[in-house]
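I opened a new notebook page for this one. My plan is to look things up one at a time and jot down what comes back.

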Amino acid sequence: MSKAVEQEDVAETVQDKLQLAEKSGPSAAGQIHKEIITYTAEKHARLPKIVLQSGSFLLKSFRKWLGNDVYTVLERTFLAALDEHDLKTAGKCLTDLKRQFPASLRVHKLSGMLCEAKCDWNNALYAYDTILQKDPANFNAMKRKVCVYKGKGDYATAIKELSSYLNIVSADENAWLELLELSVAVLRYDVAKYACEELILLAPENYMHHLRYAELLYTTDRDYTLSRQYYAQSLELKPHNNMRSLYGLVLCLRNSKDNQPELYTELVQKIMSSYQGTPAHLVPVVESSLTQ
């Protein structure tokens, strides 16, 4: 089962639980809302609207009943409130957490995240720097600093901070992806290619890594031969619904000395077959773009 399908199933299950809670009495509803909070966390499902609704219900009517679990509910409600940009609710949750855990670095991180939501970049950085002074190996704080600089539009510093993080945690695939996106945004294609190479080493089965590397080679180096190899690898890993790789191969063949007319014709036929059933006026546009 793909991750997208799994998340759809989780969303459907949570929606069913929510409807059941609305039909139940107060005590049963409280138990169901607690199950929703726990279930979404276990499945790593990002359903902020529902989590915020369940968390607010529990904190309003079942705070004592939750016992020590109230702090877990407070944290998850806080994060859901940030996603929904409900800063008032987020602020209330954070105040309760600070009261109970005034020296907690985890709560300091939440404080920084609230500052980010308010675009209070200086205080957000202060919160994360405070954490790193006490715990230099706090990777969450390192990554949050990258988010702050990205939010400020200071991509150069964001790249620098992210590179420092990756020097320590070189196996973080998501961090390399972020470095790739940031580097492309500021036209640092040398860094972008390096990030792509690391991504291919980390996840060689991911067709998108090969595709992005091929696009960078085609765009920056004009290395049509090497670019074609990575487009082909991407297409081998994902032979269906991979139009970008097909178009990439066509462009590489069109610009290379050895354009291989038979292969070019085969690729064009594959692309055209993908447009069957589309509005008729689009077909001539596609055909003209593929004319060698």
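**Loop residues**

I started with Leu187, which is exposed, at a relative accessible area of 58%. I should say right away that I'm working from a predicted model. Leu187 sits in the loop between α11 and α12. I checked its backbone too: phi of Leu187 is near 65 degrees, which is a positive value in a residue other than glycine.

Next I looked up His85, where phi is near 55 degrees, again positive in a residue other than glycine. His85 belongs to the loop between α5 (69-83) and α6 (87-100). Is His85 buried or exposed? Its relative accessibility is 52%, and the cut-off for exposed is over 50%, so His85 counts as exposed.

Then I tried Ala171, in the loop between α10 and α11. Ala171 comes out exposed, with 58% relative accessibility. I also took a C-alpha distance from Ala171 to Leu246: 30 Å, for two residues 75 apart along the chain.

**The whole chain**

I stepped back to see what the protein is built from. I count 17 helices and 0 strands. Is the protein spread out or a compact globule? Its radius of gyration is 25 Å, well over the 19 Å that the globule rule gives for 292 residues, so the protein is more spread out than a compact globule. The C-alpha trace spans about 75 × 50 × 30 Å along its principal axes.

I noted a few totals as well. Buried residues make up 39% of the 292 residues. The exposed area of the protein is about 16,600 Å², and carbon and sulfur atoms supply 51% of it. Among contacts with a separation of 6 or more, 47% are between residues 24 or more positions apart.

**Helix α8 and Lys145**

I picked helix α8 (residues 121-134) and checked its length. Its 14 residues should span 20 Å at 1.5 Å a residue, and the end C-alpha atoms are 20 Å apart, so the two agree. Which residues of α8 are buried? I get Ala124, Leu125, Ala127, Tyr128, Thr130, Ile131 and Leu132. These buried residues pack against α7 (105-117) and α9.

That led me to α9 (residues 139-152), where I found Lys145. Lys145 is at 10% relative accessibility, and buried means under 20%, so this lysine counts as buried. What does Lys145 touch, leaving aside its neighbours within four places in sequence? My list is Leu125, Tyr128, Asp129, Leu132 and Glu161. Three of the names I had just written down for α8 turn up here: Leu125, Tyr128 and Leu132.

**Helix α11 and Ala175**

Helix α11 (residues 173-185) has 13 residues and reaches 19 Å from its first C-alpha to its last, close to the 18 Å expected. Its buried residues are Ala175, Trp176, Leu179, Leu180, Leu182 and Ser183. I wondered about the spacing in that list, and the textbook point is that an α-helix has 3.6 residues a turn, so residues three or four places apart point the same way. What covers the buried residues of α11? The cover includes α9, α10 (155-168), α12 (189-202) and α13 (207-221).

I zoomed in on Ala175, which lies in α11. At 4% relative accessibility, Ala175 counts as buried. Not counting residues up to four places away in sequence, Ala175 touches Leu162, Tyr165 and Leu166. I took one C-alpha distance from here: Ala175 and Tyr230 are 55 residues apart along the chain and separated by 22 Å.

**Helix α15, α17 and Met243**

My last stop was a pair of helices. The axes of α15 (residues 243-255) and α17 (residues 282-290) come within 11 Å and cross at roughly 35 degrees. On the α15 side the contact is made by Tyr247, Val250 and Arg254, and on the α17 side by Val286, Ser289 and Leu290. Sorted by class, that contact has 4 nonpolar, 1 polar and 1 charged residues.

I stayed with α15 to look at Met243. Met243 is partly exposed, with a relative accessible area of 26%. Leaving aside neighbours within four places in sequence, Met243 is in contact with Ile271, Ser274 and Tyr275. For Ser274 I added the C-alpha distance to Met243: 8.5 Å, with the two residues 31 apart along the chain.

How values were computed. Residues are numbered from 1 along each chain as its sequence is written. This is a predicted model: local features need pLDDT of at least 70, side-chain atom pairs count only at pLDDT 80 or more; totals for chains, interfaces and linings use all residues. Side-chain values use heavy atoms; hydrogens and water are left out. Axes are lines fitted to C-alpha atoms, for helices over the stretch in contact, and angles run from 0 to 180 degrees between N-to-C directions. Helices (H or I, at least four residues) and strands (E, at least two) are DSSP runs, numbered from the N terminus. Contact means heavy atoms within 4.5 Å. Ala, Val, Leu, Ile, Met, Phe, Trp, Tyr, Cys and Pro count as nonpolar, Asp, Glu, Lys and Arg as charged, and the others, Gly among them, as polar. The radius of gyration is taken over C-alpha atoms; the globule rule is 2.2 Å times the number of residues to the power 0.38. Buried means under 20% relative accessible area, exposed over 50%, partly exposed in between (1.4 Å probe, protein chains only). Accessible areas come from the Shrake-Rupley method with a 1.4 Å probe; for residues, only the protein chains shown count as cover. The expected span of a helix is 1.5 Å times one less than its number of residues.
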